[in-house]
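Thank you all for coming, and please keep the sequence and the model open while I talk. I will go slowly, and I will try to give a reason wherever there is one to give.

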Amino acid sequence: MQSGTAGKPKGSMDIDYRWRGELTDDEVVELTRSHGGNAEAGWWDRVRAHSLGWTTARSGAALIGFVNVAWDGAEHAFLLDPKVRPEHQHNGIGTELVRSAADAARRAGCTWLHVDFEERLRPFYLEACGFRTTAAGLLNLRES
C-alpha cells in the first residue's frame, strides 16, 4: 500500500491519499450520495475483487475522495467512479486521485489509462489530468 500526503492542494487541510486504502461499502455509498449520485448498497463489495486498485483521499478519518481502476489484466486500465465530496471539489483532490491511480496502473505494467466523461468534465480530464482525446466508440446496451 502506498500512502502520502499531497500537501495542501489549494485548501488548507492535510489530505492522506492511499492506493488500495481501507474502504467500506457504506463509505462509498455515502460519498456517492453526498454529491447526488445514485448509490447502491453492496456495489463496492461486489466490485472490489475485480479492480486493479483504487485510491482513497481522507481528511482525518473522513473519506472525501475516491477513484477506482479496473483493468484487462495486461496493458489497459480504466479510470472509473471518481468522486470528491462537493465541499472539497476544486481544490486539486480529484487531480491527485487521478495522478495516483495513473502511477499505480503504470507500476502494474499498464500502458494505457482510459477514461470516458461527460462534456462538462472535459477541462478536468484534458487540462488538469493530462488525458488526450482519441477516437472511441460507445454502445448503450440498454437501448440496443
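Let me begin with Cys129, in what is, I should say at once, a predicted model. The cysteine sulfur closest to that of Cys129 belongs to Cys110, and because the two are 17 Å apart, they are too far from each other for a bond. A disulfide, as you may remember, is a covalent bond between the sulfur atoms of two cysteines. For a pair to count as one here, the two sulfur atoms have to lie within 2.5 Å. How many disulfides, then, does the structure hold? The number is 0. As for their surroundings, Cys129 is partly exposed, with a relative accessible area of 21%, whereas Cys110 counts as buried, at 10% relative accessibility.

From Cys110 we can step over to a tryptophan, since Trp71 touches Cys110 and also, leaving aside residues up to four places away in sequence, Leu52, His76, Ala77, Phe78 and Ala108. Trp71 has its place in strand β4, and at 32% relative accessibility this tryptophan counts as partly exposed. If you look from Trp71 to Gly92, which is 21 residues away along the chain, you will find their C-alpha atoms separated by 25 Å.

Now let us turn to the interior. In soluble globular proteins, nonpolar side chains tend to be buried together. Which residues of the largest nonpolar core touch the most other members? This core has 20 residues, and the ones in question are Ala57, Val69, Leu79, Ile93 and Leu97. Two or more residues each come from β2 (16–19), β3 (51–59), β4 (62–71), β5 (76–84) and α3 (93–107), and of these elements α3 gives the most, with 6 residues.

To see what this looks like around a single residue, please find Leu79. Not counting residues up to four places away in sequence, Leu79 is in contact with Val67, Asn68, Val69, Val98, Ala101, Leu113, His114, Val115, Tyr125 and Phe131. Apart from the largest core lies another one, of 7 residues, and Leu23, Val28, Trp44 and Trp54 are among them.

So much for the filled parts, and now for the empty ones. Rolling a probe the size of a water molecule over the atoms shows where empty space is left. The largest pocket holds about 1100 Å³ of space, and among the 38 residues that line this pocket, His35, Pro82, Lys83, Leu121 and Tyr125 are the closest to its centre. At least two lining residues are supplied by each of α1 (25–34), α2 (43–47), β5, α3 and α4 (122–128), with β5 giving the most, namely 6 residues. If we sort the lining of the largest pocket by class, we find 20 nonpolar, 10 polar and 8 charged residues.

The second largest pocket has about 890 Å³ of space. Its lining is made of 28 residues, and those nearest its centre are Leu113, His114, Val115, Phe131 and Arg132. Here the elements that contribute two or more residues are β5, α3, β6 (112–114) and α4. Which element gives the most to the lining of the second largest pocket? That is α3, with 5 residues. By class, the lining of the second largest pocket divides into 17 nonpolar, 6 polar and 5 charged residues.

Before I stop, I would like to visit a few places in the loops. Arg20, in the loop between β2 and α1, has a positive phi of about 60° although it is not a glycine. At 35% relative accessibility, Arg20 counts as partly exposed.

His90 also calls for a look at its backbone, for its phi is positive, at about 70°, although His90 is not a glycine. You will find His90 in the loop between β5 and α3. Is His90 buried or exposed? With a relative accessible area of 73%, His90 is exposed, because the cut-off for that word is over 50%.

Gly92 is likewise found in the loop between β5 and α3, and its relative accessible area of 25% makes it partly exposed. The C-alpha atom of Gly92 is separated by 14 Å from that of Val67, which is 25 residues away along the chain. With that glycine I will end, and I am glad to take questions.

Key
Residues numbered from 1 in each chain as written. Predicted model: local features only at pLDDT ≥ 70, side-chain atom pairs only at ≥ 80, totals over all residues. Heavy atoms only, no water. Buried < 20%, exposed > 50% of the residue type's maximum accessible area, 1.4 Å probe, protein only. Core = buried A, V, L, I, M, F, W, Y, C linked by side-chain atoms within 4.5 Å. Helix = DSSP H or I, 4+ residues; strand = E, 2+ residues; numbered from the N terminus. Contact = heavy atoms within 4.5 Å. 1 Å grid on protein atoms, 1.4 Å probe; cavity = no way out; pocket = protein on both sides within 12 Å on 5 of 7 lines; lining within 4 Å. Points joined across faces, edges and corners; volume = space filled by probe spheres on them. Nonpolar A, V, L, I, M, F, W, Y, C, P; charged D, E, K, R; others polar.
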